Structure formats: C-alpha cells, structure tokens
Amino acid sequence: MKWQRVKYQPNTPLGANGQKVTASKAHTELSKQAAKEGMVLLKNENSLLPFEKGTRLAVFGKASADYVKGGGGSGDVTVSYTVSLDAGLKALSDYVSVYEGLSSFYNKNVRDQYERGVAPGMTVEPEVPAELLKKARAYTDTALITICRFSGEGWDRTSSYDNGVESGEPMWKESQKVFERGDFYLSDAEQRMVETVKAAFPKVVVVLNVGGVVDSMWFAEDPKIQSVLMAWQGGIEGGAAAAELLCGIGSPSGKLADTFAKTLEDYPSSYNFHESQDYVDYTDDIYVGYRYFETIPGADKKVVYPFGYGLSYTTFKWELERVDEAEDGTLTVRVEVTNTGNHEGKEVLQLYGSAPKGVLDKPSKILLSYAKTKLLQPGENQLVTLVGNVNDLASYDDLGVLHKSAYVMEQGEYHFYLGNSVRNTEELGFIHTEESTRVAEQLTECLAPTSLPKRMRADGSFEELPVRPAHDPDSEGLLTKKEKETIDGVAPDVRFSKGEHLWNNNERRLQFEQVAEGSVTLDEFVAQLSDEELAHLLGGQPNTGVANTFGFGNLPECGIPNFMTADGPAGLRILPECGVCTTAWPCATLLACTWNPEIVYEVGAAGAKEVRENNIAVWLTPAINIHRTPMCGRNFEYYSEDPYLVAKQAGAMVRGIQSQHIAATVKHFALNNKETNRKDSNSRVSERAARQIYLKTFERIVKEAKPWCIMSSYNIVNDYRASENHDLLEKLLRDEWGFEGVVMTDWWTFGEHCKEVNAGNDVKMAAGNPDNLLKALEKGLLKRETMECSVKRLLGVLLKID
C-alpha cells in the first residue's frame, strides 16, 4: 500500500526472515569495509606496516580508548557501541598482542574524564607514568601513537589569525582549553607524549583518528616515526577497521581528498577566515586546495602530502593503452594496471587536465576523472577506463574580458596527465588543440558580488573587483520585524482540522491517493486547496514516531500524510531517548578518500534502508560544501577540496539513497564554509569562483544524480540570504540546471517566509510562518500561483516516496 509506513508507523523489519536492517551485522560490516577503503597510508618507512604476526605493541595516547566515530551536531549518530583502536587491536590477538598495562591506564583515564562530563575527543592527554613507560619498553620495541580530534556543528577551528573572534559555543570553549594553539596542532601534552615515546622506542607508528586536515609536519620528515595511518573518523567499526589494516588484513587504498600543507597559515583562506564574524571574503577565488598549491609560484614548497596521495602495502605500474576523444569533447582513457608487489591491493588512477595560459586566469591542473581498480592479487592486472571531458577545462569569464558570462575554451594546446596523485603524474601523448577561442557555454550574470574588494590571480597577485551598491539582506518588504531570538528553535504548530464524514464520499474532497493512482491530476488536487492550506504545506510539520527534525505535508483532510525527515551525514540520527540505535557510517571526508563511488552507493542504500525501516521519508544528507579551509568546523560532514571528486562521491550517495525510494537532501546550498555566526555571515565571492568551485558540485549532482531535495544554507551570499536568493534558487538551480525537486531552508533561518517562497524556497523548516504568507498574499507581495508552484514541487517529491 502506498505510504503504509509513513501513515501507519508499523516499524516492521525490512530484513530477511523478519530481521531488522537497522544496525544489523551486515550494515556494521559494510561500515567497516568502507572505513578500510578510505583510510590513507601516509608514511611507511622500512615497510614497518603491516605488523608481522606475533608483534608486541605498546599503544600510547588517550585516543586508543577515546575513539571519535564522527563529528557532533547533525552529523552525530546514536549507536549501541563503537569499536576503539584498543578494542580493535585486542580482537586480533592472533596477529598482535597489546601491552595491558598501558591499555588499562588509558581506558581508566578516559572513563574518568567521561564521568566528569568531558565529551569524546575533548579529553586531555594524560602524562604517562615513568614506571609504566619502562615496563612498556621492556615488553616491546614497537610503539603505536594515537591522536584524535573532534569538531561539530556551530563552531570552527582556530588559528593564529583569529583576531580575537570568539564563539559562544561550549565546545569551542572546551577546545580552547585543551589545545593551546588550536586543534590543528598537537597540544603541549600530546607533544610531550610523542617526544617521550620517540625517545624510548626504535619503532614508532602513528594512527590519526580525525575528521579533517591536521598538522603533519611533526611526523612527515621525522625518521623516528616510520609509519603513519590516517584513519579519519571511521564510524561504528572504525577502530576495528584501522586495526585490521595495521595487521595486514587488507591493504590501505585511500587517497587524500585534500592537500596537507606545512602549516595552517599556508592555506590562502586562513588569513581572513576569522577577520570578521559578519563576512568572509573569498579572496583566494578559484585557487582552492591543489589549485592553489600547484599553481601559485612558490606554493608547491608548502605541501607535505599532495592531493590524491596515498600509499599501499604493494606496488603498481600502469601502461596507457589508448586515448579517444569524441566530438562532444568526451575523453576516454584506457589504462592497464598491474600489481607488481607482494600484497593484494587497489590503486586509484587519476586524470588531470591543463589549459593553456591565456587571458583568463587558470589553475595549472584540474581533476577530470578517476577510477579505482578492483582488489588485485600480486601479478594480477586490470584494464581501467577513465572518462572525462575537455570542456571541463573551460574558464568562466565573469568580467567580460573575452566573452561575458560564458565558459570559454581559449585558443591553444590542452595537455593531460595520468597518475596516482596530482604530483605523481605522467603527461599523456595526447593533446587537444583549440584553433581559436570559443564559447563552450553561454550563460547570464548571476550572484555577482557587491563588496568583494579583490581576488587572487594565477601569479599570486590580486586584482581589484568592481564594487557595486551594497544590499541589506534584512531589507525589502518585511511585513513584521521579529527578533531573531524568537524565531530560533520554534516547533511547528499542531494544526487543528475538523472531522470529516468517513463513508459519505460525496462530501469528501479530492484525496492525495487519487493523484498517486492517476485518477486526479496534481493540478486539480492543488487547485482545491485553500490559501490557508497552501501556507500550511509550505512549512515544517510536527514530529511523529522517532523523528526529531520534523516533517513535510500533513494535510489529513486531503489524505496527505506527515512525511518525517531525519539527520544526518554519518547515519540515521535518532535521539538517544528513543531507544533506537543505528549504524554510524564513516565521516564524509573518509568516504571521499575511498575514491570509490560504488562503495559510497552501497553506504547510501544501506543507510536509506535504516531510514525507511524507522518510518522516515527524507534523509538530510549528503552535505557537499567544499573544504575551502581546514578551519571549518563541519568539514567532517563534507567531502573534499575538489568539486569533481565531491560530485562523483556524493552523487553516488544520492543515487544509493534514492534507490530505496527515500529522498536524499543535498546541502548546504551554497557557500556555507564557515560555522561562526553562520546565520548572519556574508560569503562574499566572485561569480567565477562561485561557478567554478562552490556551485560546481551542486550543478553536477543535480544534472547527474537528480536529487529530490536541496537544502538552502543559513548564510548570506553576496548580500542576499541564501534562502531568499532568487539568483541562486531559481536562475541557477532551476532555470540553468533543470532541478525539479524541493528546496527547503535549513532549520530556523533568519529569512522571512514570504521572501523565501518568492525566491524559490519551497518549504521553511523547521517551522513555517503561515500568517506571514497569508498577509503577503493579501498585500499583493506574494501570488497564489507562486505558492501553488512550491506546493506542487513538494507533493511531486512526496509522490516518489513509498
């Protein structure tokens, strides 16, 4: 029956033989496999890893017990357990043995800190007693150092450029207490622990349980630290996944989705990230991540580990078979990859393109395609195919230097490079030539900045940008000026509806089921709705069942069920008091580092089954904002610094989710790269950078994965609130890209409801303001046809849900 789960809340299991799929063994095992696929081996001198069978280990660091499965806020997940690295290693006693004295010391210390109210990942590194260190050294010559980090929604990381900017968030304050120089760097206590271990043990391995980029200088060139595994935040089974890789049960095959620079200050976004709580100037423009480090003179010297980098326990060679170019610019590259080592493994081949230097600024390389091999045994080979398009090397001309508001392919030679990182590539014997400059795609001006003073050029200098009259985002047609404090956190009204005569069909109104079965058109159905009912449908609805992020629909007079939504990016988020534990999947950064869309699709489909089993219809994931800077507190929810990699990996997540007839929600649209003052911070960006970097991820996912829902972001974009931004929601998203689904606001935005609907934002979450819509309708500030259009889009998505 259509909407049986949504309407009647049966909560019946979806698994075989009446078993639940939520947090099932199959799902936790998939979570572990995905975690292993995305962990990155950064260093492995003298092949210290994998550990030989029988190796004795002295495991140091509170992170051995204080395991961080993921970040906080909407990215958190209620689970029945998590596997720490300590527990993961102890489960592999046939491979390694762990010195129990250290294990007991750290487990007790972490438990004591938890009991004092310290959050996971915010614990303080304890001093190792001298006697315990001595016993550990007598037990073994091999030490394993663990480091963990935690971040969350609503607060950002800090740097030396903070300029006194503070956050009122409690977790930000806790972080300031623990990490003297910000959590990008080791704390003083961690540094002392590391030095102590290095002085005592000749063999040292490091495991990093983190959600984003951290300092790597302390181990990258230190000969006393032979091996480093970037284990990220691996979800419910993350500690087990890392332990298995350390012991050679599988080979690391993850590649970095971000560039690791020497210092936080080496990223061009750092100097002005905390310049003001009111705005962020995107002066780095299109030079984000490797586009900066591989292009700007001298910036290459700042890199420790380049984009796309990752080691394996085996070695590979690849030979180019052929390159073909189609008339539409599609490149097909066929490569034979061979495992030339002594361990099974997977390799990732990456195709980059380079446009000629011309009038328009360009990065030196752009990722065009990638492919990951299957698991290859020693000596085994595979023919791998990479498909890209030369037109993805076009530059957007926002100032009209050549062709205003157009993607331009400048005259000259376009070169292509194949390898396993942005640095380790070989030029292909193929060149694409443009005999004359041509327009690849003609568009119109959109999202032009008013107050961005300058932007970076390819030589590292800055060019001044035109300054236009500024716009007050809280101006224009406000009907009621509400204090922002009264808007935030308000739950939807529980709406009263009169009873109907159940068996007198002549008195019944057209029902939504009739639209689903095709006997009534959507236009006919919506035409019968009153203005009040339209206004009601354009806001969030009360929670039912285990939901805590409210719902869509909820018009029982006409048979529209109340479809529930749920967070979040790392798994179905249900509050602990509900008593339902779900699977925590690896954080998005780790999923990006798999460079494997197939396993991300599997994660999406499995997660959506848990969503459906718990009578939820709309999953508020994936989050796809660009890793512009390591300081963004929600980077663990996001994927990468590269828009192509994000689009392919997160696009697979969308397809996996929607394969289960659950609505995926791509967020946060757009340029939401900072958490501090997130509801009032103005992202000031050039149209070129917006289109080529920050919007490109959304564009590709909309066109290729066709998500049913988009969530507009909290922030202001070039003086207009994202939820009230017609350029963003109508001109770009719908008119240019062809999006046909629902746009919802983020929860409790500061935008006015009638302005949001006029701009193309269909549903205001978590609660709408029907009175505002009706008053705007009465005063002629909003048309009924506009409201009907949004309601039709909403109902169109609800019809897709089973």
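These points cover nonpolar cores, aromatic pairs and one surface patch.

1. The model is predicted, so local features need pLDDT of at least 70 and side-chain atom pairs count only at pLDDT 80 or more, while totals for chains, interfaces and linings use all residues. Residues are numbered from 1 along each chain as its sequence is written, and side-chain values use heavy atoms, without hydrogens and water.

2. The largest nonpolar core (buried Ala, Val, Leu, Ile, Met, Phe, Trp, Tyr and Cys joined through side-chain atoms within 4.5 Å; buried is under 20% relative accessible area, 1.4 Å probe, protein chains only) has 184 residues. Helix 17 (residues 643-658), a DSSP run of H or I with at least four residues, numbered from the N terminus, gives the largest share, nine residues. Apart from this core lies another of 46 residues, including L537 and W748.

3. F60 is among the residues with the most contacts inside the largest core. Neighbours within four places in sequence aside, F60 is in contact (heavy atoms within 4.5 Å) with residues including L102, Y106, L144 and F201.

4. There are 25 aromatic pairs (Phe, Tyr or six-membered Trp ring centres within 6.5 Å; planes under 30 degrees apart are stacked, over 60 edge-to-face, the rest tilted). F512 and F525 form a tilted pair, 5.6 Å centre to centre with 35° between the planes. F512 lies in helix 12 (residues 512-517) and F525 in helix 13 (residues 522-527), so the pair ties together parts 13 residues apart in sequence. Both are buried.

5. Ring pairs also link Y290, F307, Y352, Y370, W595 and Y644 into a cluster.

6. V359 counts as partly exposed (20% to 50% relative accessible area) because its relative accessibility is 45%.

Technical notes: Helix = DSSP H or I, 4+ residues; strand = E, 2+ residues; numbered from the N terminus.
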